[in-house]
Amino acid sequence: MFDWVERLYPISRSITGEGVRASLSMLREIIPLDIHEVPTGATVLDWVVPREWNLRRARLVGPDGTVICDTDRSNLEVVQYSIPIQTKMTLAELRPHLHSMPDRPDWIPYRTSYYNETWGFCLADRVARSLAEGEYRVDIDATLAEGSMTYGEYVVGGESEREVLISAHICHPSLANDNLSGVVVAAHLARWISEHPRRYSYRFVFAPATIGAIMWLALNRENVGRIAHGLILSCVGDGGAFNYKQPRRGGADIDRAVAVAMRDAKVEHAIKPFSPWGYDERQYGSPGFDLPVGCFMRTPNGCYPEYHTSADNLDLVRPEHLEKSLAILKDVVGILEADRRYVNQSPHGEPQLGRRGLYTAMGGYANAAEGQLAMLWMLNQSDGSMSMLAIAEKSGLPFAALSAAAGALERAGLLSVAAAE
Amino acid sequence: MFDWVERLYPISRSITGEGVRASLSMLREIIPLDIHEVPTGATVLDWVVPREWNLRRARLVGPDGTVICDTDRSNLEVVQYSIPIQTKMTLAELRPHLHSMPDRPDWIPYRTSYYNETWGFCLADRVARSLAEGEYRVDIDATLAEGSMTYGEYVVGGESEREVLISAHICHPSLANDNLSGVVVAAHLARWISEHPRRYSYRFVFAPATIGAIMWLALNRENVGRIAHGLILSCVGDGGAFNYKQPRRGGADIDRAVAVAMRDAKVEHAIKPFSPWGYDERQYGSPGFDLPVGCFMRTPNGCYPEYHTSADNLDLVRPEHLEKSLAILKDVVGILEADRRYVNQSPHGEPQLGRRGLYTAMGGYANAAEGQLAMLWMLNQSDGSMSMLAIAEKSGLPFAALSAAAGALERAGLLSVAAAE
Amino acid sequence: MFDWVERLYPISRSITGEGVRASLSMLREIIPLDIHEVPTGATVLDWVVPREWNLRRARLVGPDGTVICDTDRSNLEVVQYSIPIQTKMTLAELRPHLHSMPDRPDWIPYRTSYYNETWGFCLADRVARSLAEGEYRVDIDATLAEGSMTYGEYVVGGESEREVLISAHICHPSLANDNLSGVVVAAHLARWISEHPRRYSYRFVFAPATIGAIMWLALNRENVGRIAHGLILSCVGDGGAFNYKQPRRGGADIDRAVAVAMRDAKVEHAIKPFSPWGYDERQYGSPGFDLPVGCFMRTPNGCYPEYHTSADNLDLVRPEHLEKSLAILKDVVGILEADRRYVNQSPHGEPQLGRRGLYTAMGGYANAAEGQLAMLWMLNQSDGSMSMLAIAEKSGLPFAALSAAAGALERAGLLSVAAAE
């Protein structure tokens, strides 16, 4: 997966434009994405699709001819969606258009101005503070014109029409963890799911943040009721602890599945309540939709110093971190697929497991083995109201142990799937 | 306010009598109190208004003519409601009538015997232990006779008939924190409220503790349904942390308003569950009424050593503590006035705040400003079920920030007040 | 009680056989137990009553004639339910039939094989590891034959048909804490209850663990609805903290009664949630029955090193620990008997306790005495929905204080028992 992050890293992406198209095309080498275009001016919920922005090159040249900013060096050096401009100005006139980070003097910040027509350059604060008086040459060679906004979608059908939505934003230029990590892990998760039998259908959406999710919701407004569970993937390539942010709606099954997967994997993790600041869980969790879509991250947005700077680069993301994130997500999918409610068919007293070959023959030991405990928990709790996830939470036993026990007990005729499933 | 505490301090108050009348008259210099008299013998709920007690002077003189107790020195030196008596007795006969505090040998305790006809003197334990044998002269020049019980009331009408009840007990003699602090802060809060527009009506009651509240409830039994929120004020002049005691009824809005006001003011504070021991929340919270009336204090009754002793004097109460208590109470009133439920008028996805001038133009920053967060929280949570107070609790944002955001969003047509309001 | 543990200790008990009968006969010296026999082959829920096992003697003799194991020395030295066998074998052949505990080299483990026909010896690991090569003589003189399974039952009738079930397993041989302690405490509790007037009926069951409870449930399937509260007693003779394990069903009154009894007795204690591993709460709490039967212990099964070994002997159990366990259980019974809901007959304001002689005459003290607080709590909370147990939990006051207050208030006409009681 790290190779994919490396390949995608140099491409200049924004919320529209050729960079997004090039990135989605590259992903089609992994999964057969459908690529959709929505024209400039289209109304999507409360928003309007903006003009398409394509940057050829932006340069800021100093009085002595020194190149201060140049997007051929890094696509972060221009404010995203800067209007085309060619002009000269004094340092004082230029200053309001320069963006740097005084507390991180060597890093270049990532700045955008999608909906306010302006322009600007981003640069290291050390450079910004050393600029001499004189005449500066501003040259932003870009187009901001009628066009379209692009997103990719891939649906892996399952037995049921009920869907699991996985979404990753694709609008950031050369920022590795936020969010090439999410994009690449989502694509590999999609391929893995497509190769295995499944109960749910899975929908993968690769779209710009905010307006992309809004656009997708506008186009799919009638179908969102199919979404049973969902996850935004972002910042999954760094080495921090796992962080899961809950959807607006409380008590979602996806919360329990992610929590149990992280617990069972014995990874350091935290679970955060919903807040309307972050990624596209804001849109899926707007009160008119209120979908059970959480956000799966390692270090969250805004919580690592490299966030939205030139230091969110290929050094921050490691192959093993991507792999671990993918592994946990596979576990989450496995839990969602396996989770169900059972009914104990011999609910009066414990059934005699021994004569069915399900119980240790020799008694008297102080503790039962995990597999035995898992059978006792499944039998005791399976009254049709408790899902395996709920039993995993209550018992503290690994979901996999309960799932194995449920299988053995179902084969022995002691458990049946509850009617409602 | 401290000047008012000083002026009221020397007056001899009890649950009836001229001291209460004199105190209420003095408060009329601040607010136009109505003064009510309820005659001796009137039945008020399970109680009967007692005879009126007026003390001219109580003195205890020792065998050698030394004045041991003299209410001209401090009105605490007699047991409140002592019957009139003029007699001589030995020290042994006198002892059961003497009250002192062995663990605080220099302080004089405050003792009462409203409903049991007896008499007594209160004195420093150091003095009590040094008394010589011999004949003592007891002279309690008081009247205990048909009369009335007095209370003051001030109603500030608002748009709505729904009321906020503020009550302070006025029956204690020279005890500064308990409760001249509550009386004076209540009067100043009343004046401040009367000078501002308001949604609720506000009712201020200045009455004796216990029987005064019972009397008020008996006389207003049919109208208590108007009380939407209420607070007892007591012990609000000392320098301790703020303490809010919840009403019997759980989950009252007044609880949330006081808690958020204290949190937002960043003052040290604690929230205590209801118990049927304390001030008049006991009466308002009796099961037949069960009104949402909490108790707002700094150091609670019984939790500071000077409580109910001569050391609860003008040294214990400081002007700045009274001011801070008043400031928090104004915040509570402000929250109750502003709190309401809104409905997001653009609930599908986040509305585009930028084109309405409500959002920062430049993007990419790691954290949103408080005002922006407040707008996102208000939009996300306003589905008609969540009040601003509930959003303040959930978001951790200051109520004032949410209130400002709600105003801006309402003006932009993005929020409307929920129909039920 | 310790004398009874001593008398019962040497008897060879198992899930069937003469040892159980002898033990139950001995208990009839304390309480008039009914003794029931259920024949081999009877179907009890999902189980079948096994053949009856009676051991005369089991011996293992080494190549040099040394006696390695001999049940005349300790009845733990044979695997319980070993089939009869007389044979000779090499050490290698013998090894799979030897059970010892490497981590406790001097203790003999307790092992059973009720439902798998095999045989074996239990011995100290130090001995097991020192065995020489050569021919060993195995002589297990036992019968495994048609017969019956035995249990004892004692019902103490009360005013109501609603029952409190107390159950102790009686199938363990010479293990003192698990469970002669439970058996003896149960018997003495039964006698004490029979000597006092009571509202509930009480049913005491002395049966083998697991299959005994299953057998009892099978025979009483139609009557389990009468069980209002229940406790399994086990491991109540050691010096550890008290441990109460909740039933499967949440929020049972027995939970609250035991918790308040332990709290009020100021004993160290812990409350554990249900799990389907432990004692017969597993059977009473199977989903088809789901009875409110908790488990009352000191150190729980598997949590003390001597558990299920020869070290669970008469040194582990102390008379004073048995007495304290019995005392707490009497408190639990007292709480269940006294607990009820009251309705305040003077719910508007506090009633005037003083004129009814229920309140301290002299006022002004910083704290109320416990008895006064108990009256105020009972009056304030008694709206017909709150039981005394609930008030004990909420107020933190001892149940006994509330019960005394309720009595005084009921005599004064201020409280009445709620209609539903």
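How many residue pairs are in polar contact across the interface of chain B and chain A? The rule finds 14, with both residues of each pair at pLDDT 80 or more. The points below take that interface in turn with the symmetry, the second interface and two buried residues.

1. **Status of the model.** This is a predicted model. Side-chain atom pairs count only at pLDDT 80 or more. Totals for chains and interfaces use all residues. Read the numbers below with that in mind.

2. **Chain A as a fold.** Chain A has 421 residues, and 61% of them count as buried. Its secondary structure comprises twelve helices and 19 strands. Along the principal axes, the C-alpha atoms fill a box of roughly 90 × 45 × 35 Å. Contacts in chain A reach far along the sequence. Among those between residues at least 6 apart, 80% join residues at least 24 apart.

3. **From chain B to chain A.** Two copies of a chain are related by a rotation about an axis and a shift along it. Here, chain B is superposed on chain A by a rotation of 120°, with 0.1 Å of shift along the axis and an RMSD of 0.1 Å. The two copies are thus related as by a three-fold rotation axis. In chain B, the C-alpha nearest this axis belongs to B:G251, and it lies 12 Å away.

4. **From chain C to chain B.** The corresponding operation is a rotation of 120° with 0.2 Å of shift along its axis. It superposes chain C on chain B with an RMSD of 0.1 Å. Of the residues of chain C, C:G251 comes closest to the rotation axis, with its C-alpha at 13 Å.

5. **The B–A interface: extent.** Chain B contributes 26 residues to the contact and chain A contributes 30. Together the two chains bury about 2400 Å². Carbon and sulfur atoms carry 51% of that area. On the chain B side, the residues that lose the most area to chain A are B:H348, B:E350 and B:N380. Together they make up 27% of what that side buries.

6. **The B–A interface: polar and charged pairs.** Four salt bridges are counted between chain B and chain A. One pair that meets in a salt bridge is B:R356 with A:D46, at 2.8 Å from N to O. Helix α10 of chain B, residues 370-381, supplies the largest share of the side that touches chain A, with six residues. By class, that side has twelve nonpolar, ten polar and four charged residues.

7. **The C–B interface: extent.** Here 26 residues come from chain C and 30 from chain B. The buried area is about 2400 Å², with 51% of it on carbon and sulfur atoms. C:H348, C:E350 and C:N380 lose the most area to chain B on the chain C side, together 27% of what that side buries.

8. **The C–B interface: polar and charged pairs.** The rule finds four salt bridges across this interface. The side chains of C:R355 and B:D46 meet in a salt bridge, at 3.1 Å from N to O. The count of residue pairs in polar contact is 14, both residues at pLDDT 80 or more. Helix α10 of chain C, residues 370-381, gives the most to the side that touches chain B, with six residues. That side has twelve nonpolar, ten polar and four charged residues.

9. **A:C69.** Is this residue buried or exposed? A:C69 has a relative accessible area of 1%, so it is buried. It is found in strand β5 of chain A, residues 67-70. Not counting residues up to four places away in sequence, A:C69 touches A:A58, A:R59, A:L60, A:E77, A:F121, A:C122 and A:L123. A:L123 is 54 residues away along the chain, yet its C-alpha is separated from that of A:C69 by 6.8 Å.

10. **B:H172.** Where does B:H172 sit? Its place is in the loop between β11 (163-169) and α5 (176-194) of chain B. The relative accessible area of B:H172 is 8%, under the 20% cut-off, so the residue is buried. A polar atom of the B:H172 side chain lies 2.9 Å from the backbone oxygen of B:D178. Leaving out residues up to four places away in sequence, B:H172 touches B:R13, B:Y110, B:D178, B:N179 and B:H308.

Technical notes
Residues numbered from 1 in each chain as written. Chains lettered and ligands numbered in written order. Predicted model: local features only at pLDDT ≥ 70, side-chain atom pairs only at ≥ 80, totals over all residues. Heavy atoms only, no water. Least-squares fit on C-alpha atoms with pLDDT ≥ 70 in both. Contact = heavy atoms within 4.5 Å. Buried area = accessible area lost by both parts, 1.4 Å probe. Polar contact = N/O pair within 3.5 Å; in protein donor to acceptor, adjacent residues only side chain to side chain. Helix = DSSP H or I, 4+ residues; strand = E, 2+ residues; numbered from the N terminus. Nonpolar A, V, L, I, M, F, W, Y, C, P; charged D, E, K, R; others polar. Buried < 20%, exposed > 50% of the residue type's maximum accessible area, 1.4 Å probe, protein only.
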